[in-house]
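Biologist: I am new to reading protein structures, and I would like to learn by looking closely at a single part. Could you choose one and walk me through its surroundings?

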Amino acid sequence: MPRGKSVAKRVILPDPKFGSVTVAKFTNFIMERGKKTTAQRVVYQALDLLAQKKQGEPLELFDRVLEAVRPQVEVRSRRVGGANYQVPMPVSGGRQNALAFRWIITAARARKGHTMQDKLAAEFAD
């Protein structure tokens, strides 16, 4: 059990285009060096490209992509006696999103060539 008081979660304002807190959080993950407008442009253009490719509503497609990537279970180390065991444990909702965001962005950045919005749209499509 942690000592002291727990820190309250910050409230993130929904993004201006879709009014979604999840898209705003994803934009914050994309952002580098405090350049939020650049990050928003990348995310919005990637969602527009995805909507053109898949013929659908960008927000619904984004939610479907996240649902497919989110982990349900992860292994955690538990020390029992003198040995460490890898024990599967359920993942909390906030951590599910954080891991999904991180995996998508890492995979998109690892792709060769093109602009970030193209790589991100391709990663969403895959």
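Modeller: What follows is a tour of one helix, with the whole chain as its setting. Please keep in mind that this is a predicted model.

Let's begin with the setting. The chain contains 5 helices and 2 strands. Starting at the N terminus, these elements follow the order α-α-α-β-β-α-α. The C-alpha trace extends over about 55 × 30 × 25 Å along its principal axes. For a compact globule of 126 residues, a radius of gyration near 14 Å would be expected, whereas this chain has 17 Å. Buried residues make up 33% of the 126 in the chain. If you take the contacts with a separation of 6 or more, 50% of them join residues 24 or more positions apart.

Now to our chosen part, helix 5, which covers residues 116-125. How many of its 10 residues are buried? The count is 7, so the helix is mostly covered, where buried means under 20% relative accessible area. The buried ones are Met116, Gln117, Lys119, Leu120, Ala121, Ala122 and Phe124. As you look along the helix, one general point may help you: an α-helix has 3.6 residues a turn, so residues three or four places apart point the same way.

What do the buried residues of helix 5 pack against? Their partners are helix 1 (21-30), helix 2 (36-54), helix 3 (58-69) and helix 4 (93-110). Let's visit two of these partners in turn.

Take helix 2 to start with. Its axis lies 8 Å from that of helix 5, and the two helices pack at an angle of about 45°. That angle makes helix 2 oblique to helix 5. The crossing of helix 2 past helix 5 is right-handed. On the helix 2 side, the contact is formed by Val42, Val43, Gln45, Ala46, Leu47, Leu49, Leu50, Lys53 and Lys54. Helix 5 contributes Met116, Gln117, Asp118, Leu120, Ala121, Ala122, Phe124 and Ala125. Sorted by class, the residues of this contact are 12 nonpolar, 2 polar and 3 charged.

One residue of that contact is a good place to zoom in. Alanine 46 sits in helix 2, and how accessible is alanine 46? Its relative accessibility is 0%, so alanine 46 counts as buried. Setting aside residues up to four places away in sequence, alanine 46 touches Gln117, Leu120, Ala121 and Phe124. Each of these four is also on the list of buried residues in helix 5. Try finding alanine 46 and alanine 122 in the viewer: they are 76 residues apart in sequence, yet their C-alpha atoms are 8.4 Å apart in space.

Helix 2 also has contacts elsewhere. Glutamine 40 belongs to helix 2 and is buried, with a relative accessible area of 17%. Apart from its neighbours within four places in sequence, glutamine 40 contacts Pro16 and Thr27.

Next comes helix 4. The axes of helix 4 and helix 5 come within 9 Å of each other and cross at roughly 125°. Why do we call this pair oblique? Angles over 145 degrees count as roughly antiparallel and 65 to 115 as roughly perpendicular, so a crossing at roughly 125° leaves helix 4 and helix 5 oblique to each other. Helix 4 also passes helix 5 in a right-handed crossing. Ile104, Ala107, Ala108 and Arg109 of helix 4 meet Met116, Lys119, Leu120, Glu123 and Phe124 of helix 5. By class, this contact includes 6 nonpolar and 3 charged residues, with no polar ones.

To finish, look at the loop between helix 4 and helix 5, where you will find histidine 114. Is histidine 114 buried or exposed? Histidine 114 is exposed, with a relative accessible area of 69%. Its phi is near 60°, a positive value in a residue other than glycine. Arginine 33 also has a positive phi, near 55°. Arginine 33 lies in the loop between helix 1 and helix 2, and at 77% relative accessibility it counts as exposed.

So here is the picture to take away: helix 5 is mostly covered, its buried residues pack against helices 1, 2, 3 and 4, and the loop that joins helix 4 to helix 5 holds the exposed histidine 114.

Notes: Residues numbered from 1 in each chain as written. Predicted model: local features only at pLDDT ≥ 70, side-chain atom pairs only at ≥ 80, totals over all residues. Heavy atoms only, no water. Buried < 20%, exposed > 50% of the residue type's maximum accessible area, 1.4 Å probe, protein only. Contact = heavy atoms within 4.5 Å. Axes fitted to C-alpha atoms, helices over the stretch in contact; angles between N-to-C directions. Parallel < 35°, antiparallel > 145°, perpendicular 65-115°, else oblique. Left-handed = near helix turned anticlockwise from the far one by under 90°. Nonpolar A, V, L, I, M, F, W, Y, C, P; charged D, E, K, R; others polar. Rg over C-alpha atoms; globule rule 2.2 N^0.38 Å.
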